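This briefing is meant to be read with the sequence and the coordinates side by side. It begins with a single residue and then moves through the sheet, the helices and the core.

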Amino acid sequence: MTGPLPSRRRLLKGAALAALPSALLPTARAQAQARAVDYPLAEWRPASTSNYTGSNRPSTYPVRYVVVHVTQETYTSTLSIFGDPQKKVSAHYVVRSADGHIAQCVRETDVAWHAGNWDYNTRSIGIEHEGWVDRPEYFTHALYEQSARLTASVCDRYGIPKDRAHIIGHHEVPGADHTDPGPYWDWVRYIRLVNFA
Ligand SMILES: [Zn+2]
């Protein structure tokens, strides 16, 4: 992103936009954004292609779970980590604490590396929430509400039951050595919001 030369892709995109009448630009941009994300309210902030496995879900693997995470990093740092090809980690979505803004980093067709368990990675959507397991002030109403809407959308689109057997914490993934989302995550509130989203 910060290199001296624009990428070929960026040049091509620029050329394509330049060919359009200026009055159509906002619509064209909106349509391009809509195609890039699976959840219309998300902003596309792609992870490095070194940090997930390309796939063609749900043909390749059924999507059966939503895995809830807490980042232990800021929203901005999390996006940087997912963009770093050395880090070997990613999630499909990251939800920002202050306002519930959502970034999509990996397409839902692809297998993000978030659960620490290949079988669960292949069969889940991973959602990271900005915050720390021991700092409940990060779990704002906006974060719960916007995340719940996202999870409801995922469940509706893949036919996933909106319950605790299918919407699970990272700590519930077999073999996981992580504790997130931790004891302050309000599961009752979250599942209720998902069901009434
Ligand atoms: Zn986690």
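Is Ser-50 buried, partly exposed or exposed? Ser-50 counts as partly exposed, because it has 13 C-beta neighbours inside 10 Å, and a residue is called buried only if 20 or more other C-beta atoms lie within that distance. The model discussed here is a predicted one. Its protein has six helices and eight strands, and buried residues make up 35% of its 197 residues.

**Overall layout**

- Read along the sequence, the helices and strands follow the pattern α-α-β-β-β-α-β-β-β-α-β-α-β-α.
- Among contacts in the protein with a separation of 6 or more, 72% are accounted for by residues that are 24 or more positions apart.
- Ser-50, found in the loop between β1 and β2 (52-53), illustrates separation in sequence alongside a stated distance in space, since its C-alpha is 8.7 Å from that of Val-89 although the two residues are 39 residues apart in sequence.

**The sheet**

- Six strands form an open sheet with mixed pairing, in the order β1-β5-β4-β7-β3-β8.
- At the edges of this sheet stand β1 (43-44) and β8 (167-169), and because each has a single partner strand, one side of each is left without a neighbour in the sheet.
- Strand β3 (residues 65-70) pairs with strand β7 (residues 124-129) in the parallel sense over six bridges, and β3 also pairs with β8 in the parallel sense, over three bridges.
- Between β3 and β7, Val-66 stands opposite Ile-125, while the bridge partner of Val-67 in β7 is Gly-126; towards β8, Val-67 stands opposite Ile-168.
- Strand β3 is mostly covered, with six of its six residues buried: Tyr-65, Val-67 and His-69 point one way from the strand, whereas Val-66, Val-68 and Val-70 point the other way.

**Helix α5 and its surroundings**

- Helix α5 (residues 141-158) lies across β3, β4 (93-95), β5 (102-104), β7 and β8, and runs at about 175° to β7.
- From its first C-alpha to its last, the 18 residues of α5 reach 26 Å, close to the 26 Å expected at 1.5 Å a residue.
- The buried residues of α5 are Leu-143, Tyr-144, Gln-146, Ser-147, Ala-148, Leu-150, Thr-151, Val-154 and Cys-155, and what covers them includes β3, β4, β5, β7, β8 and α6 (187-195).
- Just after α5, Gly-159 takes a positive phi of about 70°.

**Helix α6**

- The buried residues of α6 are Tyr-190, Leu-193 and Val-194; they cover an arc of only 100° around the axis, which puts them on the same side of α6.
- What covers these buried residues of α6 includes α5 and β8.

**The nonpolar core**

- In soluble globular proteins, nonpolar side chains tend to be buried together.
- The largest nonpolar core here has 40 residues, of which Val-66, Tyr-93, Val-94, Cys-105 and Ile-127 touch the most other members.
- At least two residues of this core are supplied by each of β3, α3 (75-83), β4, β5, β6 (111-112), β7, α5 and α6, and the largest share, six residues, comes from α5.
- Leaving aside neighbours within four places in sequence, Val-66 is in contact with Ser-124, Ile-125, Ile-127, Thr-151, Val-154, Cys-155, Ile-160, His-166 and Ile-167.

**A buried glutamate in a loop**

- Why is Glu-130 classed as buried? Glu-130 has 25 other C-beta atoms within 10 Å, and the cut-off for a buried residue is 20 or more.
- Glu-130 lies in the loop between β7 and α5, and, not counting residues up to four places away in sequence, it touches Thr-71, Thr-74, Tyr-75, Thr-78, Val-94, Val-95, Arg-96, Ser-97 and Tyr-138.
- Of these contacts, Thr-78 is 52 residues from Glu-130 in sequence, and the two are 8.2 Å apart in space, C-alpha to C-alpha.

Terms used:
Residues are numbered from 1 along each chain as its sequence is written. This is a predicted model: local features need pLDDT of at least 70, side-chain atom pairs count only at pLDDT 80 or more; totals for chains, interfaces and linings use all residues. Two strands pair if DSSP finds at least two bridges between them. Helices (H or I, at least four residues) and strands (E, at least two) are DSSP runs, numbered from the N terminus. Two residues are in contact if their C-beta atoms, placed from the backbone, lie within 7 Å. Axes are lines fitted to C-alpha atoms, for helices over the stretch in contact, and angles run from 0 to 180 degrees between N-to-C directions. The expected span of a helix is 1.5 Å times one less than its number of residues. A residue is buried if 20 or more other C-beta atoms lie within 10 Å of its own, exposed if 12 or fewer, and partly exposed in between; C-beta atoms are placed from the backbone. A nonpolar core is a set of buried Ala, Val, Leu, Ile, Met, Phe, Trp, Tyr and Cys residues joined through C-beta atoms within 7 Å. The arc is that of the directions from the helix axis to the C-beta atoms.
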